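Subject: Structure handover

Hello,

Here is the structure I promised to pass on. Please open it first, then read my notes below.

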Amino acid sequence: MSSAQQQTVQAVNGFAYGCIGADIHVFGDGAPLYVLQRWRPEAQPSPSWLLDLPSRMLNGRFAVVDFTGRENELADLRRWRDHGPRLAVQWLHAPGGQGKSRLAAQFAKESEAAGWTVATAARGLGVTHPPPGSQDLRTDTRAGALLIVDYADRWPAAHLTWLLSNTLLHRATDQARVLLVARSRDAWPAVRASLADLQADASTRALPPLADTGRRIGDSERLGMFLAARDAFAALYGVPAYAVEPPDELSGPDFGLTLAIHMAALVAVDRHAHAATAATEADMTALTAYLLDRERRHWHTLYETGALGTTTAEISRAAFVAALTGPLPYRDAKRALTTAGLGADADRLLTDHAYCYPPGASSTVLDPLFPDRLAEDFLALSLPGHHLADHASDPWAASIPELLLSAAESVGSANGNGRGGDGGLPPYAPRALTFLVSASHRWPHVLATLEALDTRLPEDVGANNELAAAAADLAERLAPHRLSAAADPADRARINRVLGQRLDQAGRAEKATPAFAEAVRLYRELAASNPQAFESVFAKSSFELAVALVFADVEFRVRELHELHATDAARLDQAAAPFRDAIETFRRLAAENPAEHQEDLVAALSMAPLLVPRLGPSDLAVATALEAVNMARHLAYEDVDVSYALAASAVALAGAHPEQAEALADEAVGIARRMVREDPEQHMEQLVFTLSTQGSVLLRLERAEEAIDALSEAAELSGRGPQADQDMDPWFEVMARAVGFVWLQERATGVTTGRSMAVQALSRLAYGDTSDRASALLRVLLTLAGVIDPSARPDDLLAVYRAVIHLLKTSDEIPYVGDNGVVRSDINGVLTYASVLLARNGRWEEALAHLEEAALTVWSEGANPLHAALGSTLTTMTAMLADLDLDRDGDPYRQIGPARGCACAGADRRDLSSPRAGRTPRPRTRPGSHGEDPVRGAVALGTVAGSRGLRPGIGPNLAALRRPGRRRRTPRATRHRPAPPRGQTDGHRPSGRGRHHSAQPP
């Protein structure tokens, strides 16, 4: 390695690591958001160490059992890796124990052998550390980069967004694939929305249960996997494999899991090796109980031999705490044990627990039982109330989950950043809830513990993504149990409403909608017979249903705009009725008892901008907004904060009455400023919100400079406010909120002035000094592009695309611009989108000019990158114009020929890429296409690409296709290549004093 390629990493009294060819994103206190590591096979532990605790053999990291089965899934992953666009992300999900991690590890192994740079990412400091030194993640001589993220559903969305922006995934002309492994699909929509900013192909795959069609090896995937596991375990134990027969119960529903098959094989071999006489039933409950007995036997042996100074009962209790908290820094682990009543000799207990379960990271202790299924069942068997007589519960355990979830003041963060959980809960609360909820599906007695924990949750958990997801899972688990015991309609309505609230706070609005709808139905009936008791809660539930319908599945930058508008219109039509019910009921109640209900009415009226177009005449928006203003001013005399209501009313009025909206926004800002002076910590976010509203109104008034000033002030205040979130970029959050307000103005009235001014203002910023905010500005521009209807204002959308391209070419602050100033190939993606937009509007010369620019962007990198990049660009543009599926057989050109019935443009009507070249297809335009001309144009581009050698490779510059004989010119990108940023040389990104990308603004 040359001196220019060396990297020195040194740490004193701490942990340090470096990456070559990738970014390191850190918190403000220097703790990394995640740790990247070059994938490598796990070192094989000694057989004696594995035999001490049989459960160790179930750890997929050690690969005791060779990978077996899942051939179809592996083949699909290979196709996904080797075909398609430059950047692709797949969400692979299945229940715990289904074999996701083993499948991902096998895929990693194969990909490494196939020439890919394979890396893994783990969250924060509480993870297994890489070996000392640098992680070499360069792809210079590799096929591409593959990043694997296990437990992706446990990552905060903001951290995944930073990870997906890493330079590792965004080098020019390099293929990049990200495999996100998760237990469920619930977190995927939020992640998919963030991928739109990166122009990545996004897909999801559910891993099915193992098939079982018979007792013959060739017929049964389960039997074949059992025999492979049996043979591997028998070799470790030194017993003949043939002596261990497979059980008859492998066809049961429990054994669709890879883990279940491996557990059955392990227990069968272990019993045979120890000459056990009593048979073990082949169901998951019996298998986990047997393995937990082996854990306890191991603890007892260590204590009897003097290896441990801690009794079996004490180690068992420490393991119970560890199963709930997961790994913790030493001091926090000691406090957790003290909270659980184990603090008398906590240091010795932690030392002995670490002897039994060595920590994966040097900075943590209390590693839990593994696999997760074993930890979950251990929790259940420790809690009183189960039916297994041979496994005595521990009465001590009954109160521990509730005690630990009350310990936020004494227990710090598991990832080392020092931040506590929301609502007084410790940071491990989501894990504890998740494990107990999962255990309760098999052990109903755990429901009593869940009921107690539910009372510990704050009313609103939406500010913490992990906690909100765990609380939603808890509510989904408890609701059927509660409903089965509830005969009173009022109780049933309340249960459904709480379920809807939890799901809505977790971003699962589509699931929340049925729960809210049932609550509204029940409360309507109750209010009819007892209005005094139930009218208010009926109105609140109706309002919550309307909000859920409005926000269900709103993913602006994911779906096509026409699809978004269609589904949006349907949802809004459904939301109109409950919203109208809520407003009418609140009006009546407020008239009868203003002190009790006026604030509810003002809050409901603030939603009017989203729903008024569905409620009646267009002037209703103005009338509703004015009603909210008048009522808010009345409340202001009673010292009630009304700035939010005034700001929301300003949004509603901005489209049709911008001057009046400006006055309201100014008044809201004035109130918020006064309240901030009185109590900055309590009211800073309020001022940020009102300034954002003021900025959007000024955009509507075509006063762009004043608007940017207001929004910049809001971003500055948000960044230094007491409630600032270091995971978020305040400049992006404020600007994106203003874009959302502008979109609401346009949707309510059809006036596009605010949006056009936003395009102009943000484009000017992109071409100016973008210091310290280039990345945020890029994300805002892409957000803005997502809410522009391309059929209505193509020039606005083109202006945004040009600004994005300029940023990608010129900024060295965007985390995923390639090293040495080489722009990532996603510039070609933006150029392709622009080309498609131009072509669909009949502007073919401009469309081809954009394709030429895509070619020139990578021309300076040599002919080979040009082959791939331009061929991919033409393929993508052709497929998009003809509404073809890019993933189908990896070859959309084969869909353009006679099988599609599309007509070629020009004199030569042959599909040169089709095996049946020479046949003339029949002209036809299918329903929902963009018309015959664009389809003909798409086929024409495909024909030209094939005839000129553009696919699979390209010889001449694309410019030659437009002007034959034109001399190739030196691309601008070559003449003005930016210098490498300080701290970088030849594609190496050092750690330590080198360039890190901070996860918070400077």
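**Helix H17 and its ends**

Start at the N-terminal end of H17, which is capped by aspartate 488. One of the side-chain oxygens of aspartate 488 lies 3.0 Å from the backbone nitrogen of alanine 490. Keep in mind throughout that this is a predicted model.

H17 covers residues 489–505, 17 residues in total. From first C-alpha to last, H17 reaches 24 Å, close to the 24 Å expected at 1.5 Å a residue. Buried residues in H17 include Ala490, Ala493, Ile495, Asn496 and Arg497. Further along, Leu499, Gly500, Arg502 and Leu503 are buried too. An α-helix has 3.6 residues a turn, so residues three or four places apart point the same way. After H17 comes glycine 507, with a positive phi near 80 degrees.

**Helix H31**

H31 runs over residues 794–810. How far apart are its end C-alpha atoms? They are 24 Å apart, which agrees with the 24 Å that 17 residues should span at 1.5 Å a residue. Several residues of H31 are buried, among them Pro794, Asp796, Tyr801, Val804 and Leu808.

**The nonpolar cores**

The largest nonpolar core has 99 residues. Within this core, Phe233, Phe320 and Val321 touch the most other members. Helix H7 (residues 258–273) gives the core its largest share, 10 residues.

Look at phenylalanine 233 in detail. Leaving aside residues up to four places away in sequence, phenylalanine 233 touches Met57, Leu58, Val64 and Val65. The other contacts of phenylalanine 233 are His262, Ala265, Leu266 and Val269.

There is also a second, separate core of 77 residues. Its members include Ala704, Trp731, Met735 and Val830.

**A buried aspartate**

Aspartate 352 sits in helix H11 (residues 346–356). Aspartate 352 is buried, yet has no salt bridge. Which side chain of opposite charge is nearest to aspartate 352? That is arginine 348, 4.3 Å away. A salt bridge needs the nitrogen and the carboxyl oxygen within 4 Å, so this pair does not count.

Aspartate 352 does have a polar partner. Its side chain makes a polar contact of 2.3 Å with the side chain of threonine 310. Beyond residues up to four places away in sequence, aspartate 352 touches Leu308, Gly309, Thr310 and Ile315.

Arginine 348 pairs with aspartate 345 instead: they form a salt bridge with the closest N and O atoms 2.4 Å apart. Aspartate 345 is partly exposed, at 34% relative accessible area. Arginine 348 is partly exposed as well, at 28%.

**Salt bridges**

The structure holds 39 salt bridges. Side chains of opposite charge can pair when their charged atoms come close. Two further pairs are worth a look.

Take arginine 442 and glutamate 376, which meet in a salt bridge of 2.8 Å, N to O. This pair links distant parts of the chain, 66 residues apart. Arginine 442 is in the loop between helix H14 (429–440) and helix H15 (447–454), while glutamate 376 is in helix H12. Is each partner buried or partly exposed? Arginine 442 is partly exposed, with a relative accessible area of 25%. Glutamate 376 is buried, at 2%.

Next, arginine 703 and glutamate 662 form a salt bridge, the closest N and O atoms being 2.9 Å apart. This pair too links distant parts of the chain, 41 residues apart. Arginine 703 is in the loop between helix H26 (680–700) and helix H27 (704–720), and glutamate 662 is in helix H25 (residues 658–678). Arginine 703 counts as partly exposed, at 27% relative accessibility. Glutamate 662 counts as buried, at 18%.

Salt bridges that share partners also make one network, which joins Arg154, Arg183, Asp372, Arg373, Glu376, Asp377 and Arg442.

**Backbone details**

The peptide bond from phenylalanine 370 to proline 371 is cis, with omega near 5 degrees. Proline 371 lies in the loop between strand E11 (364–365) and helix H12 (372–382).

Two residues that are not glycine have a positive phi. Alanine 63 has a phi of about 50 degrees, in the loop between helix H1 (47–52) and helix H2 (71–82). Tyrosine 151 has a phi of about 55 degrees, in the loop between strand E7 (144–149) and helix H4 (157–164). Alanine 63 is partly exposed, at 34% relative accessible area. Tyrosine 151 is partly exposed, at 29%.

Best wishes

Key: Residues numbered from 1 in each chain as written. Predicted model: local features only at pLDDT ≥ 70, side-chain atom pairs only at ≥ 80, totals over all residues. Heavy atoms only, no water. Helix = DSSP H or I, 4+ residues; strand = E, 2+ residues; numbered from the N terminus. Buried < 20%, exposed > 50% of the residue type's maximum accessible area, 1.4 Å probe, protein only. Lys, Arg positive; Asp, Glu negative; His and termini not counted. Polar contact = N/O pair within 3.5 Å; in protein donor to acceptor, adjacent residues only side chain to side chain. Contact = heavy atoms within 4.5 Å. Core = buried A, V, L, I, M, F, W, Y, C linked by side-chain atoms within 4.5 Å. Expected span 1.5 Å × (residues − 1).
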